[in-house]
Amino acid sequence: ALYRVLSSRFSGMRLRVYGSCHSNLSLGKSSDVDISIFIPHLNQAKEQFEAGELGANRYEKITRKEVFSCTEILRRQRREF
């Protein structure tokens, strides 16, 4: 469900579970799940920033916009999880 919801907004995105949940070292049902979300166009912006092709303010603005967009999508679709 998480992949379906996010991939409808972020083309080419990938999810990766890591941490204690992934390695089966979690301490029971109260443990959280660590998830990495890879969004290709944000990676492109990061590479442009690191190469000096994109200013820090613009890079931060792009990144914040997408992070808040992701948060809002998840908030609206909370009942599906």
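**Group meeting talk: one helix and the nonpolar core**

Of the 81 residues in this protein, 16% count as buried, and I would like to use that figure as the way into the structure. Before going further I should say that what you see above is a predicted model, with a pLDDT that averages 88 over the protein and reaches at least 70 for 98% of the residues. Among the elements, α1 has the lowest mean pLDDT, at 88, while α2 has the highest, at 95.

Let me turn to the overall layout. The protein contains three helices and two strands, and reading along the sequence gives the pattern α-β-β-α-α. The C-alpha trace spans about 45 × 25 × 20 Å along its principal axes, and the radius of gyration is 15 Å, whereas a compact globule of 81 residues would be near 12 Å. As for contacts between residues at least 6 apart in sequence, 48% of them join residues that are at least 24 apart.

Now to the interior. In soluble globular proteins, nonpolar side chains tend to be buried together. Here the largest nonpolar core has eleven residues, namely Val 5, Leu 6, Phe 10, Met 13, Ile 39, Leu 42, Ala 45, Leu 54, Ile 62, Cys 70 and Ile 73. At least two residues of this core come from each of α1 (2-7), α2 (40-50) and α3 (56-76), and α3 gives the most, with three. Ile 39, one of the core residues, is in contact with Phe 10 and Met 13, if we set aside its neighbours within four places in sequence.

Which helix, then, gives the most to this core? That is α3, and I will spend the remaining time on it. The helix α3 has 21 residues and reaches 30 Å from its first C-alpha to its last, which is close to the 30 Å expected at 1.5 Å a residue. Its buried residues are Ile 62, Glu 66, Ser 69, Cys 70 and Ile 73.

Why can we say that the buried residues of α3 line one face of the helix? Seen down the helix axis, these residues fall within an arc of 95°, and they therefore line one face of α3. On the other side of α3, Asn 57, Lys 61 and Phe 68 are exposed. As to what the buried residues of α3 meet, they pack against α1, β2 (34-38) and α2.

To close, then, α3 has a buried face within a 95° arc, packed against α1, β2 and α2, and three of its residues belong to the largest nonpolar core.

Notes. Residues numbered from 1 in each chain as written. Predicted model: local features only at pLDDT ≥ 70, side-chain atom pairs only at ≥ 80, totals over all residues. Heavy atoms only, no water. Core = buried A, V, L, I, M, F, W, Y, C linked by side-chain atoms within 4.5 Å. Buried < 20%, exposed > 50% of the residue type's maximum accessible area, 1.4 Å probe, protein only. Helix = DSSP H or I, 4+ residues; strand = E, 2+ residues; numbered from the N terminus. Contact = heavy atoms within 4.5 Å. Expected span 1.5 Å × (residues − 1). Arc of directions from axis to C-beta. pLDDT = per-residue confidence, 0-100. Rg over C-alpha atoms; globule rule 2.2 N^0.38 Å.
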